[in-house]
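Morning, everyone. Let me put the structure up, and then I'll walk you through it.

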Amino acid sequence: MARRGSEYRRKHFVEKIDKKAQEEREIVEKPYKAVLYHDEGYIDDFYNLSIEDAGWAYQQLAKSAKDDSEDACKLDEVLAAAGLKVAEHDGRFLHKQEVLTIRMDFYGTIDRIKDGLRERELSSYYRHLITNPLKKRPKSVQYDFETSPSWKLFSRFQSFRRIEKNLRAYLIKNKIDPQILGLMTPRDFSDLVVQSFQKDDNEQKITFETDITVRNEFVRDLAQKQGDQMADMLLKQGLDERYVASMINMMHRYGKYNSAKLVITEKNFTSRVLSELKKAEKALFAEISAEEFSKLKTEERNKLKTLFVEISRANAQKFKAGDVIPQTLIDAAIDADRGKLLLARYEDGTPLNGIDFPSFEVHHKHAVSDAGSLRNVAHVNYKKNFCLVRADIHTLFIHRCDKVRQRGQTKSYAKRLEFVDPNTAFMIGLRPDERMSFDFEKSKRTKRQTLDDRYNVSYEECMRQLALNQAAYDREHNKKAFDAKEDLQRYKSFRRLKKAHKMSLKAHTR
Amino acid sequence: MMDFVQILKENGYIPQNTPFTKKDVIESQKELVKKGYPFLPLEFIGFLKSYNGLRGEDSAVLGIAPKDKSLDIIVFNEIHNESDDMVILGYDEFCFLVYDEQQKDYLLVDRETGDELESFSADGLPEALNSILHY
């Protein structure tokens, strides 16, 4: 027995050694497997991975954690090391129109509906009334937006409440029947915003946000309050200080964070920059003196004049190579779209290109599809619910579970990643010193929050009211005669029919 | 499509000079099919000739072996695509832009729920790209 036992032990030992060697070979090929195979030190293994590999480690662990409690613990530990945890879906799913409205508020833009699709996308009431103006111009007070069920869905957001006056002005100017407000669908309102804000018919993406967008405001405020700390964190990652200074400056001034549009400027004068500035002073003087200059917009003229003053001042100060470039000169050059004058270059003369450096994205800490669990869906676009994340971490790690599934499948969203610290506002890596917290509201209710909550409504209730309004309009115009009960019944049947039609279409296409 | 490329140029996005070779395209198409995804539509490949992997504001269009590895269309689909008749072409904070080979149309699909948010016809790639890319 003793002989058999030792043979067994030796065999087992050899198998164990072989397995270990095999695992190490696999780790060399796929570094993320270190997190899966090692029983100790796997957090350090995780920190040493690239973002893409860390994503694979997370995905594999999440898969095995379903059947293996040890892996489930490991997953929790690994995620906690990155300041994250798994959160289950909570609350009602939003209607797609609500998601689209949150999207419009976030980006401050609306896409134009293609001409050929207007009939399909817009209601017949809207199409009829918008193209058949009244003979007499209605008074402003006749346009009561508060009675419009669809507008109530938009007015939950500050950005839309701000443009109500623009929409009213458009309707008055074009003598549109005030009844239109009670009959318009949310899609019709999107089109009205496009019609009111478009500069020309070729514009495809219309910017309606007259002020700074919610996401840009968040980034601007964060950079203004924590810019130095953010810069230090980026510098610790070994990034070029000129990129870091230019990126933080762009965030600080405009709340922008896309590296593809970043102009990276020198921080210190170089002989090349000094000679460019000398040439630029003469060229700008000629430009400002020319007749064409008066044809520019006042804003553009002022920017060029400011830049001219800054360049003249810099040239007069006789800076030498190595001296720090005044921030006012950098800002004036960027504002006047002449950042190229100060372009940062490598030693061989090649300019630094923004796309070679990390970009950022604004992440919704509270999942948009879970916004139904909030007191008001508009809260999902609040600064306290945003986090500025390096784009690769955002897509390859935090949103790792987002999936495109077979067409026609029902909603299947089950879980997502959430920050352990709800105040996490900036994340550039998985290590603790690569994320930063900031409490935007310090637990105080903001004026905007109070106003938003006053406009809180239910989507279902608004759509029910819209159906009733449309039926009443039909009745008034002798198209159809229904009593109120039938109106409601019609609305319910319409939804059932629409659903059945959709299902049959899907079945048919399969 | 040229109009859309022009819009991007006007908005400060500089097109690439040598985005990829024909061989890259063939290899990527093969790789996609091997992984169970459909071929990329030709019009989309045409767009990639100007912008192969492009980052907008909180949005991006994927590319064939692009400089920014996190925009690689094959890796991205491997991570986020569980369908076999659609291929992801881009994304924003809310949705994926996908091409459905069976229906020959482009869709905006909710990233979190898989819901279809918008659809564009077979010739609607410029509108679809315009919708997903925030510039």
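A definition to begin with: helices (H or I, at least four residues) and strands (E, at least two) are DSSP runs, numbered from the N terminus. With that in hand, take Arg168(A). Its place is in helix α11, residues 164-173 of chain A.

Now the ground rules. This is a predicted model: local features need pLDDT of at least 70, side-chain atom pairs count only at pLDDT 80 or more, and totals for chains, interfaces and linings use all residues. Residues are numbered from 1 along each chain as its sequence is written, while chains are lettered from A and ligands numbered from 1 in the order in which they are written.

Back to Arg168(A). Is Arg168(A) buried or exposed? Neither: it counts as partly exposed, because 19 other C-beta atoms lie within 10 Å. The cut-offs are these: 20 or more other C-beta atoms within 10 Å is buried, 12 or fewer is exposed, and partly exposed is in between, with C-beta atoms placed from the backbone. Setting aside neighbours within four places in sequence, Arg168(A) is in contact with Ser140(A) and Tyr143(A). Contact here means that the C-beta atoms of two residues, placed from the backbone, lie within 7 Å. Glu266(A) is 98 residues from Arg168(A) in sequence, and 48 Å from it in space, C-alpha to C-alpha.

Next, chain A as a whole. It has 22 helices and 8 strands. Of its 510 residues, 34% count as buried. Among contacts in chain A with a separation of 6 or more, 72% come from residues 24 or more positions apart.

Domains. Chain A is divided into domain 1 (2-86) and domain 2 (109-212 + 456-479). Those bounds come from an automatic or database domain assignment. How far apart are the centres of domain 1 and domain 2 of chain A? Taken over C-alpha atoms, 57 Å.

One residue from the start of the chain: Ile17(A), in helix α1 (residues 2-29) of chain A. Ile17(A) is exposed because it has 10 C-beta neighbours inside 10 Å. Ser150(A) is 133 residues from Ile17(A) along the chain, and their C-alpha atoms are separated by 68 Å.

Now helix packing. Two packed helices are described by the angle between their axes and the distance between the axes. Axes are lines fitted to C-alpha atoms, for helices over the stretch in contact, and angles run from 0 to 180 degrees between N-to-C directions.

Pair one: α4 (residues 51-64) and α5 (residues 69-81) of chain A. Their axes come within 8 Å and cross at roughly 145 degrees. From α4(A), the contact uses Ala57(A), Tyr58(A), Leu61(A), Ala62(A) and Ser64(A); from α5(A), Asp71(A), Lys74(A), Leu75(A) and Val78(A). That divides into 6 nonpolar, 1 polar and 2 charged. For the classes, Ala, Val, Leu, Ile, Met, Phe, Trp, Tyr, Cys and Pro are nonpolar, Asp, Glu, Lys and Arg are charged, and the others, Gly among them, are polar.

Pair two: α17 (residues 298-316) and α18 (residues 327-335) of chain A. These axes come within 9 Å and cross at roughly 145 degrees. On the α17(A) side we have Lys303(A), Thr306(A), Leu307(A), Glu310(A) and Ala314(A); on the α18(A) side, Thr328(A), Leu329(A), Ala332(A), Ala333(A) and Asp335(A). The split is 5 nonpolar, 2 polar and 3 charged.

On to the core. A nonpolar core is a set of buried Ala, Val, Leu, Ile, Met, Phe, Trp, Tyr and Cys residues joined through C-beta atoms within 7 Å. The largest has 148 residues, and Leu388(A) and Val98(B) have the most contacts inside it. Helix α14 (residues 214-236) of chain A gives the most to this core, with 9 residues. Beyond four places in sequence, Leu388(A) is in contact with Val219(A), Leu222(A), Tyr257(A), Phe360(A), Val362(A), Ala425(A) and Phe426(A).

Then the interface. 35 residues of chain B are in contact with 44 residues of chain A. Elements giving two or more residues to chain B's side include β3 (86-92), β4 (95-100) and β5 (105-110). That side divides into 10 nonpolar, 12 polar and 13 charged.

Last, two backbone points in chain B. Ala65(B) is not a glycine, yet its phi is positive, near 40 degrees. Ala65(B) sits in the loop between β2 (59-61) and α4, and is buried, with 20 other C-beta atoms within 10 Å. Lys104(B), also not a glycine, has a positive phi of about 55 degrees. Lys104(B) lies in the loop between β4 and β5, and is exposed, with 11 other C-beta atoms within 10 Å.
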